[in-house]
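Please consider the sequence and the three-dimensional model shown here. A report on its features follows the display.

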Amino acid sequence: MARCASYKKRLMHGTDPDLDSGFAKTLFKTCSAGDTAEQPFDATRNTFDNLYYNALQRKAGVLSTDQTLYASAETKRYVNGYAFNQAGFFFDFQQAMVKIE
């Protein structure tokens, strides 16, 4: 979840070009409730899955820092890979958790 205060700058002075216009409307609506109003990062906010990466592909990343993962040539391949292959995402996530133990 992200509070409106964390992403509302993307909605000012025209919509961020890395933000889907339909999703921008959703964010505007959320922000109409104030800076503390919360927007989930993806449609399955309480489920650990790869829908976050699918959202980035649709230019529906809530935070600009998240959407940059898809806009950057260096990381776009990871977004595409994880969006397409949830098992691959789970495996890489598991490996990362083992490394930080």
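The report below treats the overall architecture, one helix contact, the annotated positions and two further loop residues.

## Overall architecture

The structure is a predicted model. Its secondary structure comprises six helices and two strands, arranged along the sequence in the pattern β-α-α-β-α-α-α-α. The C-alpha trace spans about 40 × 25 × 20 Å along its principal axes.

Of the 101 residues of the protein, 35% count as buried. The protein exposes about 6700 Å², and carbon and sulfur atoms supply 55% of that area. Among contacts in the protein with a separation of 6 or more, 54% join residues that are 24 or more positions apart.

## Domain annotation

An unreviewed UniProt entry carries the annotation "domain: Plant heme peroxidase family profile", which covers residues 1–101. In the model, this span is 56% helix and 4% strand. The C-alpha atoms at the two ends of residues 1–101 lie 25 Å apart.

## Packing of helix 4 against helix 5

Helix 4 (residues 64–71) packs with helix 5 (residues 73–84) at an angle of about 90 degrees, and their axes are 5 Å apart. Helix 4 is therefore roughly perpendicular to helix 5. On the side of helix 4, the contact is made by Thr-68, Leu-69, Tyr-70 and Ala-71. Helix 5 contributes Ala-73, Thr-75, Lys-76, Val-79 and Asn-80. By class, the residues of this contact divide into five nonpolar, three polar and one charged.

## Annotated binding-site positions

The UniProt annotation "binding site", again from an unreviewed entry, covers Asp-42, Thr-44 and Asp-49. Asp-42 is placed in the loop between strand 2 (38–39) and helix 3 (51–57). Thr-44 lies in the loop between strand 2 and helix 3.

How do Asp-42 and Thr-44 stand with respect to burial? Asp-42 has a relative accessible area of 16% and is therefore buried, since the limit for that class is under 20%. Thr-44, with a relative accessible area of 22%, is partly exposed. When neighbours within four places in sequence are left aside, Asp-42 is in contact with Asp-49, Leu-51 and Tyr-52. With such neighbours likewise left aside, Thr-44 is in contact with Asp-49 and Leu-51. Asp-49, which is in contact with Asp-42 and with Thr-44, is itself covered by the annotation.

## Two further loop residues

Asp-35 is placed in the loop between helix 2 (21–31) and strand 2. This residue is partly exposed, with a relative accessible area of 38%. Which residues does Asp-35 contact when its neighbours within four places in sequence are left aside? They are Arg-3, Cys-4, Ala-5 and Lys-8. Asp-35 and Tyr-7 are 28 residues apart in sequence, and their C-alpha atoms are 9.4 Å apart in space.

Lys-59 is placed in the loop between helix 3 and helix 4. The phi angle of Lys-59 is near 60 degrees, a positive value in a residue other than glycine. Lys-59 is partly exposed, with a relative accessible area of 36%.

Note on methods: Residues numbered from 1 in each chain as written. Predicted model: local features only at pLDDT ≥ 70, side-chain atom pairs only at ≥ 80, totals over all residues. Heavy atoms only, no water. Axes fitted to C-alpha atoms, helices over the stretch in contact; angles between N-to-C directions. Parallel < 35°, antiparallel > 145°, perpendicular 65-115°, else oblique. Contact = heavy atoms within 4.5 Å. Nonpolar A, V, L, I, M, F, W, Y, C, P; charged D, E, K, R; others polar. UniProt positions renumbered as here; feature names shortened; annotations may be inferred. Buried < 20%, exposed > 50% of the residue type's maximum accessible area, 1.4 Å probe, protein only. Areas by Shrake-Rupley, 256 points an atom, 1.4 Å probe, with all protein chains shown as cover.
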